[in-house]
Amino acid sequence: VQLQASGGGLVQAGGSLRLSCAASELPLSSYGMGWFRQAPGREREFVARIIWSNMITTYSDSVLGRFTVSRDNVRNTVYLQMNNLKPEDTGVYFCATARYNTIKPQGYGNWGQGTQVTVSS
């Protein structure tokens with residue numbers, strides 16, 4: 001499975017972006033799909049995930065209520081809708097497949113190239 005994240009850009013605080021994670025095929029044999037981000041000098045952190053079996057979504061406290069993760073089966077794509085963006089949301093965003101029930105990066109694979117999100121104040 002190959003993943004490619006896209007949709008990043010420069011946006012003012014309060015603005016919105018929609019990230020896409022296109023997969024060569026939806027890896028339904030995996031547990032689900034997750035989004036992570038990494039700011040300069042910081043560790044990669046969990047943002048959101050969607051579980052294939054029941055479509056349950058999970059979010060980090062910092063993005064809960066602002067971000068929404070969804071799946072498009074026809075396009076083999078997972079989206080991350082980001083609203084009310086804040087400067088602290090700045091970073092490189094990655095998508096990856098979940099091997100099992102975890103939000104730790106170690107439990108994810110097939111990492112795609114990230115997409116840069118920059119939120120100006």
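**Exercise 1. In which loop does Asn76 lie?**

Solution. Keep in mind that you're looking at a predicted model. Start by finding the two strands on either side of the residue: Asn76 sits in the loop between β7 and β8. Next, check the backbone. Asn76 isn't a glycine, yet its phi is positive, about 50°. That's worth a pause, since most residues other than glycine have a negative phi. The setting is a hairpin made by β7 and β8, with four residues between the strands. Last step, the surface: buried means under 20% and exposed means over 50%, so at 22% relative accessibility Asn76 counts as partly exposed.

**Exercise 2. Now try Asn84: where is it found, and is its phi positive or negative?**

Solution. First, the place: Asn84 belongs to the loop between β8 and β9. Then the backbone: Asn84 has a positive phi of about 50°, and it is not a glycine. Finally, the accessibility: with a relative accessible area of 41%, Asn84 is partly exposed.

**Exercise 3. Work out the order of the four strands that form an open sheet.**

Solution. Walk across the sheet from one side to the other. You pass β1, then β3, then β8, then β7, and the pairing is antiparallel. As background, strands of a sheet pair through backbone hydrogen bonds, either parallel or antiparallel.

Now look for the ends. β1 and β7 are the edge strands, each pairing on one side only. How much are neighbours turned against each other? On average by 15°, with direction ignored.

Next, zoom in on β8 and its two partners:

- With β3, the pairing is antiparallel and runs over six bridges.
- With β7, there are six bridges too, and these strands also run antiparallel.

Some residue pairs help you line things up. On the β3 side, Ala22 stands opposite Thr77 in β8, while Leu17 stands opposite Met82. From β7, Phe67 also stands opposite Met82. One more check on β8: it's mostly covered, with five of its six residues buried.

**Exercise 4. Find how many disulfides there are in the whole structure, and say which strands hold the cysteines.**

Solution. A search of the whole structure turns up one disulfide. Its partners are Cys21 and Cys95, with sulfur atoms 2.1 Å apart. Cys21 is in strand β3 and Cys95 in strand β9, so the bond ties together parts that are 74 residues apart in sequence. What about its handedness? The torsion about the S-S bond is about 75°, so this disulfide is right-handed. To finish, check the surroundings: both Cys21 and Cys95 are buried.

**Exercise 5. Pick out the residues that touch the most other members of the largest nonpolar core.**

Solution. Begin with the general idea: in soluble globular proteins, nonpolar side chains tend to be buried together. Here the largest nonpolar core has 25 residues, and the ones touching the most other members are Trp35, Phe67, Leu80, Met82 and Tyr93. Then ask where the core comes from. Elements giving two or more residues to this core include β1, β4, β5 and β11. β3 gives the most, with four residues.

Take Phe67 as a close-up. Setting aside neighbours within four places in sequence, its contacts include Leu80, Met82 and Tyr93, along with Arg37 and Asp89. There's also a second, separate core of five residues, with Phe46, Ala96, Ala98 and Tyr108 among them.

**Exercise 6. Decide whether Arg37 is buried or exposed, and find polar contacts of its side chain.**

Solution. Place it first: Arg37 is in strand β4, residues 32-38. Now compare its accessibility with the cut-off: buried means under 20%, and Arg37 has 5%, so Arg37 counts as buried.

Then look for partners of the side chain:

1. Glu45: its side chain joins that of Arg37 in a polar contact of 2.6 Å.
2. Asp89: here the side chains make a polar contact of 2.8 Å.

To round off the picture, list what else Arg37 touches. Leaving out residues up to four places away in sequence, the neighbours include Val47, Ser62, Val63, Phe67, Glu88, Val92 and Tyr93.

Note on methods: Residues numbered from 1 in each chain as written. Predicted model: local features only at pLDDT ≥ 70, side-chain atom pairs only at ≥ 80, totals over all residues. Heavy atoms only, no water. Buried < 20%, exposed > 50% of the residue type's maximum accessible area, 1.4 Å probe, protein only. Polar contact = N/O pair within 3.5 Å; in protein donor to acceptor, adjacent residues only side chain to side chain. Contact = heavy atoms within 4.5 Å. Core = buried A, V, L, I, M, F, W, Y, C linked by side-chain atoms within 4.5 Å. Pairing = 2+ DSSP bridges. Axes fitted to C-alpha atoms, helices over the stretch in contact; angles between N-to-C directions. Disulfide = S-S within 2.5 Å.
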